[in-house]
Amino acid sequence: MTERLSPGDVAPDLTLTSDTGDRVSLADLRGRRVIVYFYPAAMTPGCTKQACDFTESLDSLRGAGYEVLGVSKDKPAKLAKFRERDALTLTLLSDEDLAVHKAYGAFGEKKLYGKVVEGVIRSTFVIDEDGKVEVAQYNVKATGHVAKLRRDLGLD
């Protein structure tokens, strides 16, 4: 069983390559609240829906002081295609070796069509200005998740 994060835990630092080839580090975003979400694969229906929902909400999330980072195991080139195809405006990060997924407990055993498999666990974390986990949500649904998160954060 993968270790899961809880509110109050220090968020594991991450430095990953984005779809634009930039290195993005959580430490560089200290002083801002950051939503980090893990999704299984770029350009699949559920992941596209979730990324588009975050993109639609991005201006208001940023206005409320949040930055959004989407993390998957996809290569940066695939993430760039995903951004272009769906006009995404959030930061997409590549974690090909799954080290960051595992540090956040977003990779491990999960149920898929009734079978237990190893894979990416769709998860969302809100990290406060000091780098502590404020919200840790595992096994989230792609559809409706952003709206629920906005309600949970008191934004709607």
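Helices and strands here are DSSP runs, numbered from the N terminus, a helix having at least four residues. The model on screen is predicted.

**Stop 1: helix α1**

Select residues 45–63. This is helix α1, with 19 residues. From the first C-alpha to the last, α1 reaches 28 Å, close to the 27 Å expected at 1.5 Å a residue. Now select serine 57, where α1 bends by about 55 degrees.

Show the side chains of α1 next. Its buried residues are Cys47, Thr48, Gln50, Ala51, Asp53, Phe54, Thr55, Ser57, Leu58 and Leu61. Serine 57, the site of the bend, is thus also on the buried list. To see what these buried residues pack against, add β3 (33–38), β4 (66–72), α2 (76–86), β8 (123–127) and α4 (145–152).

Then go to glycine 65, which follows α1. The phi of glycine 65 is positive, near 95 degrees.

**Stop 2: serine 18**

Select residues 15–18 to show strand β1, then pick out serine 18 within it. Is serine 18 buried or exposed? Its relative accessible area is 2%, and the cut-off for buried is under 20%, so serine 18 counts as buried. Leaving aside residues up to four places away in sequence, serine 18 touches Val24, Pro76, Thr91, Leu92 and Leu93. Select those five residues to see the surroundings of serine 18.

**Stop 3: glycine 119**

Move to strand β7, residues 115–120, and select glycine 119. Glycine 119 is buried too, with a relative accessible area of 8%. Which residues does glycine 119 touch, not counting those up to four places away in sequence? They are Ala106, Phe107, Gly108 and Lys110.

For a distance check, add alanine 99 to the selection. Glycine 119 and alanine 99 are 20 residues apart in sequence, and their C-alpha atoms are 13 Å apart in space.

**Stop 4: the largest pocket**

Rolling a probe the size of a water molecule over the atoms shows where empty space is left. In this model the largest pocket holds about 260 Å³ of space.

To outline the largest pocket, select Pro40, Lys110, Lys111, Leu112, Val120, Ile121, Arg122, Asn139, Val140, Lys141 and Ala142. Lys110 is on this lining list and is also one of the contacts of glycine 119.

Color the lining by residue type: six residues are nonpolar, one is polar and four are charged. Which strand gives the most to the lining? Strand β6 (residues 107–112) does, with three residues.

Conventions: Residues numbered from 1 in each chain as written. Predicted model: local features only at pLDDT ≥ 70, side-chain atom pairs only at ≥ 80, totals over all residues. Heavy atoms only, no water. Helix = DSSP H or I, 4+ residues; strand = E, 2+ residues; numbered from the N terminus. Expected span 1.5 Å × (residues − 1). Bend = angle between axes of the 7 residues up to and from the residue. Buried < 20%, exposed > 50% of the residue type's maximum accessible area, 1.4 Å probe, protein only. Contact = heavy atoms within 4.5 Å. 1 Å grid on protein atoms, 1.4 Å probe; cavity = no way out; pocket = protein on both sides within 12 Å on 5 of 7 lines; lining within 4 Å. Points joined across faces, edges and corners; volume = space filled by probe spheres on them. Nonpolar A, V, L, I, M, F, W, Y, C, P; charged D, E, K, R; others polar.
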